[in-house]
Amino acid sequence: MANILVINGPNLNMLGKREPEHYGRQTLGDIIEELENLADDYEVRLYNFQSNAEHEIVERIQAALNEIDFIIINPAAFTHTSVAIRDALATVKIPFIEVHLSNIHKREAFRTHSYFSDLAEGVIAGLGPIGYQLALAAAVEKLK
Ligand SMILES: O=C(O)[C@]1(O)C[C@H](CCCOc2ccccc2)[C@@H](O)[C@H](O)C1
């Protein structure tokens, strides 16, 4: 059975509480619950990790080596800053899809650059929570 890890970066634990205009009204728990139900349907194991700390995300990615088959990651603000998380993903060589709730290319200029997109299997941005579900469907397809 395939193991898929979902990683969410800083402040995404605040989803549903602030900035609904950018990120909608679903909480991160709501999003993960929907993914877990989908994972059961796809017969894959889903692991969920959220942290506001860069080093914790780096260490979770390192720990995924030899355990995880695919990563779905919303790096949040680290999208635009973190060479450390980029390097961790490049080192473990686990395929991943980058997800953003908002369309980062329709927002402030600093959000248009990602340290991850060129390494990703694909990028989904601007579709809200369904972006995670689409990423899970794509991951399952790629693992067949
Ligand atoms: O659109 C996305 O998913 C982002 O990754 C979200 C990040 C922000 C996550 C913070 O989310 C919050 C949610 C509710 C309240 C405050 C922040 C942002 O820095 C990226 O540019 C795009």
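In the predicted model, 17 residues surround the ligand, the closest being Asn 74, His 80, Leu 101, Ser 102 and Arg 111, where a residue is counted as near a molecule if one of its heavy atoms lies within 4 Å of it. By class, this shell comprises 9 nonpolar, 5 polar and 3 charged residues, with Ala, Val, Leu, Ile, Met, Phe, Trp, Tyr, Cys and Pro taken as nonpolar, Asp, Glu, Lys and Arg as charged, and the others, Gly among them, as polar. The model is predicted, so that local features need pLDDT of at least 70 and side-chain atom pairs count only at pLDDT 80 or more, whereas totals for chains, interfaces and linings use all residues. Residues are numbered from 1 along each chain as its sequence is written, and side-chain values use heavy atoms, with hydrogens and water left out.

Polar contacts (pairs of N or O atoms within 3.5 Å) link the ligand to several side chains. An oxygen atom of the ligand is 2.5 Å from a side-chain N or O atom of Ser 102, while polar side-chain atoms of His 80 and Asn 74 lie 2.7 Å and 2.8 Å, respectively, from an oxygen atom of the ligand. Of the 510 Å² of accessible area that the ligand has on its own, the protein covers 93% (Shrake-Rupley method, 1.4 Å probe).

The shell of the ligand thus has a defined polar and nonpolar make-up, with 9 nonpolar residues among its members.

Conventions
A polar contact is a pair of N or O atoms within 3.5 Å; within protein, one must be able to donate a hydrogen and the other to accept it, and residues adjacent in sequence count only if both atoms are side-chain atoms.
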